[in-house]
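Thanks for making time. I will go through one model this morning, starting with the fold and ending with a few single residues. Here it is on the screen.

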Amino acid sequence: MLRLILGAVLGVVAWFVVVFAVSLVLREIAPALSAAMAVHTTAVALCERLAVSFLGSLVGGLVAALVSRERLRAPLATGILMLIVFVPYHTTIWTQFPLWYHLTFFASLLLLSLVGGRFKSA
């Protein structure tokens with residue numbers, strides 16, 4: 001049980017590390033892209049932000065699975081923890097972004113964490 005909890009928490013930490021690191025790299029190698037992502041004004045910029053989150057969710061699920069040695073429960077718990085973290089925040093910015101963005105983001109947190117967990121060899 002301790003490995004499951006630790007795996008889920010480290011999966012969430014991994015998501016934040018990946019998103020932060022990718023954002024830093026993008027800022028350095030593609031300043032225009034980074035600026036567009038910061039403004040959030042176009043569908044392309046929103047999709048770019050989602051792509052960075054997708055990568056974080058995949059890595060987070062994989063980290064959770066590796067730490068816990070489980071391919072399902074820890075990545076699922078990681079996705080659920082991410083929803084617990086982000087749903088309250090997204091309710092405060094709900095009107096600033098289109099509905100498709102919020103729904104895609106929420107679904108990807110859970111689903112891609114599970115997919116990331118499947119990358120761990122059985």
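One definition before anything else: helices here are DSSP runs of H or I with at least four residues, strands are runs of E with at least two, and both are numbered from the N terminus. With that in hand, the loop I will come back to is the one between α3, residues 43-68, and α4, and R69 sits in it. Please keep in mind throughout that this is a predicted model.

First, the overall picture. The protein chain has five helices and zero strands. Read from the N terminus, the order is α-α-α-α-α. The C-alpha atoms occupy a box of roughly 45 × 30 × 20 Å along the principal axes. What would a compact globule with 122 residues have as its radius of gyration? The answer is near 14 Å, and the protein chain, at 15 Å, agrees with that.

On contacts, take those with a separation of 6 or more: 76% of them in the protein chain join residues 24 or more positions apart. As for burial, 36% of the 122 residues count as buried. The exposed surface of the protein chain is about 6800 Å², and carbon and sulfur atoms supply 76% of that area.

Now helix α1. It covers residues 2-29, which is 28 residues, and spans 40 Å from its first C-alpha to its last, close to the 40 Å expected at 1.5 Å a residue. Which residues of α1 are buried? They are L4, G7, A8, G11, V12, A14, W15, V18, V19 and L26. A reminder on spacing: an α-helix has 3.6 residues a turn, so residues three or four places apart point the same way.

The helix also contributes to the surface. There is a nonpolar patch made of M1, I5, L6, V9, L10, V13, V17, L76, I80, L81 and I84, with about 950 Å² of accessible area together. Both α1 and α4, the latter being residues 73-92, supply at least two residues each to the patch. The largest share, six residues, comes from α1.

L10 is one of the patch residues, and it is found in helix α1. Its relative accessibility is 32%, so it counts as partly exposed, the band for that running between buried, under 20%, and exposed, over 50%.

For a residue elsewhere in the chain, take T104, which is in helix α5, residues 99-118. T104 is partly exposed too, with a relative accessible area of 29%. How far apart are T104 and L10? In sequence they are 94 residues apart, and in space 23 Å, C-alpha to C-alpha. Leaving out residues up to four places away in sequence, T104 touches L50 and F54.

A107 also lies in helix α5. The relative accessible area of A107 is 36%, which makes this residue partly exposed. Between A107 and A77, 30 residues apart along the chain, the C-alpha separation is 14 Å.

Next, charges. How many salt bridges does the count come to? One. In general, side chains of opposite charge can pair when their charged atoms come close. Here R73 pairs with E70, and their closest N and O atoms are 2.8 Å apart. That is a salt bridge because the nitrogen falls within 4 Å of the carboxyl oxygen. Neither partner is described as buried: R73 is partly exposed with a relative accessible area of 47%, and E70 counts as partly exposed at 24%.

Last, back to the loop and R69. Most residues other than glycine have a negative phi. R69 is not a glycine, yet its phi is positive, at about 65 degrees. Is R69 buried or exposed? It is exposed, with a relative accessible area of 60%.

That is what I have on this model.

How values were computed: Residues numbered from 1 in each chain as written. Predicted model: local features only at pLDDT ≥ 70, side-chain atom pairs only at ≥ 80, totals over all residues. Heavy atoms only, no water. Expected span 1.5 Å × (residues − 1). Buried < 20%, exposed > 50% of the residue type's maximum accessible area, 1.4 Å probe, protein only. Salt bridge = Lys/Arg side-chain N within 4 Å of Asp/Glu carboxyl O. Rg over C-alpha atoms; globule rule 2.2 N^0.38 Å. Contact = heavy atoms within 4.5 Å. Areas by Shrake-Rupley, 256 points an atom, 1.4 Å probe, with all protein chains shown as cover. Patch = residues over 30% accessible without salt bridge, like charges linked within 9 Å, V, L, I, M, F, W, Y side chains within 5 Å.
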